[in-house]
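How should one read the arrangement of copies in an assembly, and the surfaces through which they meet? The dialogue below takes up these points.

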Amino acid sequence: MTTIAELAAQVALPFEGDGDLDVSGVCGLATAGPEHLTFVESEKFVQQALDSPVRALVAQEGLELPGKSVIRSPFPQLTVIQITPLLHPRPASQPGTDSRAAVGTGCRIAESATLHPFAALGNGVTVGERSEICSGVSLGDGVQIGADCHLHPGVTVGWGCRLGDRVIVHAGTVFGSDGFGFVQHEGRHVKIPHVGNVIVEDDVEIGANCAIDRSTYDTTVIGRGTKMDNLVHIAHNCDVGEFSLFSGQCGVAGTTKMGAYFLMAGQSGVAGHLDIPDRVTIGPKSMMVRTGRSGETYAGIPARPMREWAKAVGAFYSLPRLMKRWRAEAATGGAPDSEGEKG
Amino acid sequence: MTTIAELAAQVALPFEGDGDLDVSGVCGLATAGPEHLTFVESEKFVQQALDSPVRALVAQEGLELPGKSVIRSPFPQLTVIQITPLLHPRPASQPGTDSRAAVGTGCRIAESATLHPFAALGNGVTVGERSEICSGVSLGDGVQIGADCHLHPGVTVGWGCRLGDRVIVHAGTVFGSDGFGFVQHEGRHVKIPHVGNVIVEDDVEIGANCAIDRSTYDTTVIGRGTKMDNLVHIAHNCDVGEFSLFSGQCGVAGTTKMGAYFLMAGQSGVAGHLDIPDRVTIGPKSMMVRTGRSGETYAGIPARPMREWAKAVGAFYSLPRLMKRWRAEAATGGAPDSEGEKG
Amino acid sequence: MTTIAELAAQVALPFEGDGDLDVSGVCGLATAGPEHLTFVESEKFVQQALDSPVRALVAQEGLELPGKSVIRSPFPQLTVIQITPLLHPRPASQPGTDSRAAVGTGCRIAESATLHPFAALGNGVTVGERSEICSGVSLGDGVQIGADCHLHPGVTVGWGCRLGDRVIVHAGTVFGSDGFGFVQHEGRHVKIPHVGNVIVEDDVEIGANCAIDRSTYDTTVIGRGTKMDNLVHIAHNCDVGEFSLFSGQCGVAGTTKMGAYFLMAGQSGVAGHLDIPDRVTIGPKSMMVRTGRSGETYAGIPARPMREWAKAVGAFYSLPRLMKRWRAEAATGGAPDSEGEKG
């Protein structure tokens with residue numbers, strides 16, 4: 001329990017209303033109760049806030065919220081993000097290497113880093129300041145983990161791969177599995193050895209149970225500030241631009257270069273060997289097979305510009321009705337009329 | 001080896017034919033040999049059973065199976081399920097905490113529970129009676145596991161998440177990874193801290209390498225009796241209705257509420273922020289973007305009622321032929337005729 | 001650093017040009033520098049090679065590469081594969097069972113095998129000569145692993161499953177999870193116990209975070225020489241033909257038999273209970289629902305022969321334009337003309 005006045009002080013922002021109001025947690029507006037703090041980002045949600053039992057809000061100047069205690073912020077959601085750890089503190093992990101972790105030779109583990117039981121480090125591994133390596137994480141030979149990283153349980157980082165600073169990896173994700181590359185010879189698939197690595201730049205977050213393959217000879221790159229959801233597949237030799245977003249279960253085939261602010265919606269896919277410019281968006285369940293143009297959104301299988309796909313889908317679902325009409329018209333000798341094309 | 005008479009006695013059902021017949025295992029009808037027990041659920045499979053070398057069957061009253069030894073049951077497949085562990089016993093796990101498991105402070109582990117080597121438990125974890133926690137499982141701080149659960153190797157349950165009774169989780173599955181939520185600010189993706197949890201109700205079974213995210217502030221719920229196949233993705237704040245079925249590789253975006261008996265076929269997807277009523281079915285590889293109606297089956301990208309989609313697909317595949325015909329007709333001045341619309 | 005003459009000697013092939021040329025690594029032609037070795041497989045790439053700073057090449061007899069040092073090989077890429085470990089040696093794993101591995105009773109571990117820390121073996125497990133079992137791998141009771149296998153971190157092999165020789169499994173993959181099989185009874189899903197297993201034949205490679213379910217009563221088979229990419233799902237009772245290829249995130253429903261040289265492109269799916277002949281190919285993001293014909297490539301949802309699908313997609317995207325034309329023509333009384341059908 002903290003008062004709203006204390007919270008406002010901690011984020012150095014002004015407040016209005018009852019400063020002694022106790023707040024026990026952060027919540028979304030839809031489910032917030034009288035004990036919660038939530039935020040209102042625009043006029044659109046003011047009435048919902050007024051009707052809600054919530055008493056403590058963060059809102060921009062100018063939004064009228066009579067009867068509520070309001071912290072005024074130019075970026076209400078960011079302020080709530082800042083307040084969240086104050087109201088929902090997580091126990092700090094104890095720095096140090098648990099005696100049940102396995103650490104190879106020549107490793108450099110920062111004193112402020114935490115190695116949990118059953119973390120398994122090969123030789124020559126580096127772990128930076130304040131990074132947390134959870135149970136069951138495997139770091140191969142020569143792996144480098146930067147500062148302030150958090151590798152959740154069961155993450156595997158293959159030999160020679162490198163993660164930058166402030167990288168968060170959720171449980172079960174794999175970096176540095178061999179790419180899917182084989183040469184056909186006499187009816188067999190001969191494995192191409194993969195001697196490249198994966199580099200994950202600063203401020204990246206990767207979801208659970210993803211798989212990011214090492215490059216054949218060079219480096220598979222995940223650009224800084226990029227975020228991935230769960231079960232994402234990035235094949236060998238890819239180069240993901242910075243500040244990109246990958247939704248759940250999407251996948252990219254090998255040797256594709258993606259520009260900055262690339263965005264893949266859920267369950268979408270991208271073909272290999274493309275060079276995609278900045279700020280391209282792929283719609284859900286779509287399959288991108290061409291390079292695309294910067295700033296454009298693509299959808300469909302294969303993907304086309306979103307408007308083009310949306311029109312084609314509309315026509316697709318109107319086809320059976322249209323055909324029925326044509327049948328009738330053919331019987332009477334008429335041509336298709338304009339009514340048949342709606343939908 | 002057990003005789004069919006002994007098996008019938010153990011499930012307290014009558015049998016006909018040679019009671020001394022030895023049975024060594026349960027099998028499907030298609031591959032069953034003379035040493036197996038299998039079942040016949042309807043008249044439709046009687047001839048196949050008579051032609052099969054199998055000698056021991058479970059079948060409903062009234063099905064004529066001369067020459068076979070038959071346990072009579074109103075629910076033959078359920079009876080076979082009941083008999084399976086008798087013919088295929090699995091060694092019972094030894095209750096107790098292996099000395100190579102890591103257990104934090106303040107945990108309550110039932111005496112009849114089993115903790116295998118390299119299970120890693122945080123602080124304040126509860127494990128119920130007869131539950132089995134396999135090697136490499138990670139249970140975060142405050143996790144609660146009910147009675148008679150089975151967590152296969154490498155499962156991760158994040159801090160504060162709770163599993164009910166009789167929950168089975170296959171290897172590599174993750175509960176409580178942070179949801180994929182970011183606020184855009186000055187060209188960066190600012191992480192929304194996730195302080196909610198996941199609650200898995202009783203009698204749920206989850207396949208291998210699934211990922212179920214914790215709620216932002218509240219609870220992601222997997223309703224009782226729900227079953228999921230492998231590689232399923234459930235985003236933050238979802239609420240899965242009871243007795244639902246999720247086939248392999250399907251996924252649900254955030255904050256969607258699904259009613260009871262929801263059914264997703266393989267590789268299908270559901271958009272976020274929907275409120276789907278009871279008994280909705282999504283076809284394979286389909287993408288549900290609207291709420292839908294109870295009892296309806298949807299298919300397509302985006303999904304429509306199955307019949308509507310099936311007709312549109314039929315028309316889609318007949319389009320090239322249709323267009324060819326129109327070309328011919330345009331050349332002769334005719335209108336499309338009824339023949340063009342078949343397929 | 002090795003000279004090209006030494007490399008040629010090690011693979012017993014002739015070379016031309018400066019034999020004292022030092023080579024430090026293998027690389028692809030597009031990114032190779034003067035210190036690299038790469039290959040040219042056809043006339044098509046000769047000019048690119050001549051323009052590249054690369055000095056050391058493997059090429060077939062007859063390709064003119066003046067100024068370069070060239071190892072002559074009938075199969076240049078295979079030669080590079082052979083040379084790769086010479087230039088990029090990986091430290092050999094130390095044979096033996098790490099004291100921090102857990103080994104059950106009655107296991108037979110070859111003396112030349114390596115068991116890393118926190119590998120967890122049940123009872124009666126066999127591990128063959130020179131096989132490497134990484135940290136966090138779980139091998140259930142009675143599991144058999146052949147010779148020269150490499151199981152990367154966090155792999156789970158469920159009880160009774162068997163892997164042949166030279167099987168490579170990337171991190172987080174699961175063999176032998178229970179199949180997704182339930183009987184509906186009084187509104188509940190009653191679990192069908194799965195007492196079958198998975199057999200993986202020789203020379204198979206499986207990517208990261210895949211899931212391959214055990215058979216209900218028999219065996220789920222992965223045929224020899226088959227290769228799978230990441231996040232692939234193979235349901236219970238499947239039988240994968242030899243030398244098949246499964247790209248990332250594809251999935252097969254239960255009880256489907258696939259012939260030899262089956263090929264699934266990325267994010268594709270196959271329905272259950274099919275019997276697919278040899279040499280069938282499924283296009284990306286496609287859904288195979290019929291058995292198909294040997295040698296044919298299928299695409300679409302549902303899949304049809306690739307040419308049929310490609311034509312239908314072309315027509316699909318031209319529909320809106322076509323409809324607009326019809327509207328115009330309906331207004332003037334004309335019939336669709338040939339111009340409307342392009343695209």
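The following turns treat symmetry and then an interface.

This is a predicted model, in which local features need pLDDT of at least 70, side-chain atom pairs count only at pLDDT 80 or more, and totals for chains, interfaces and linings use all residues. Residues are numbered from 1 along each chain as its sequence is written, while chains are lettered from A and ligands numbered from 1 in the order in which they are written.

Q: By what turn and shift can chain A be laid on chain C?
A: In general, two copies of a chain are related by a rotation about an axis and a shift along it. Here, a turn of 120° with a shift of 0.0 Å along the axis lays chain A on chain C, with an RMSD of 0.1 Å (least-squares superposition on the C-alpha atoms of residues with pLDDT of at least 70 in both). The two copies are thus related as by a three-fold rotation axis.

Q: How many residues of chain B are in contact with chain A?
A: Two residues are in contact if their C-beta atoms, placed from the backbone, lie within 7 Å. By this criterion, 49 residues of chain B touch 56 residues of chain A. On the chain B side, H4(B) gives the most, with 5 residues (helices are DSSP runs of H or I with at least four residues, numbered from the N terminus).

Q: Why do chains B and A meet through different surfaces?
A: Only 18% of the interface residues of chain B are also interface residues in chain A, so the copies meet through different surfaces.

Terms used: Helices (H or I, at least four residues) and strands (E, at least two) are DSSP runs, numbered from the N terminus.
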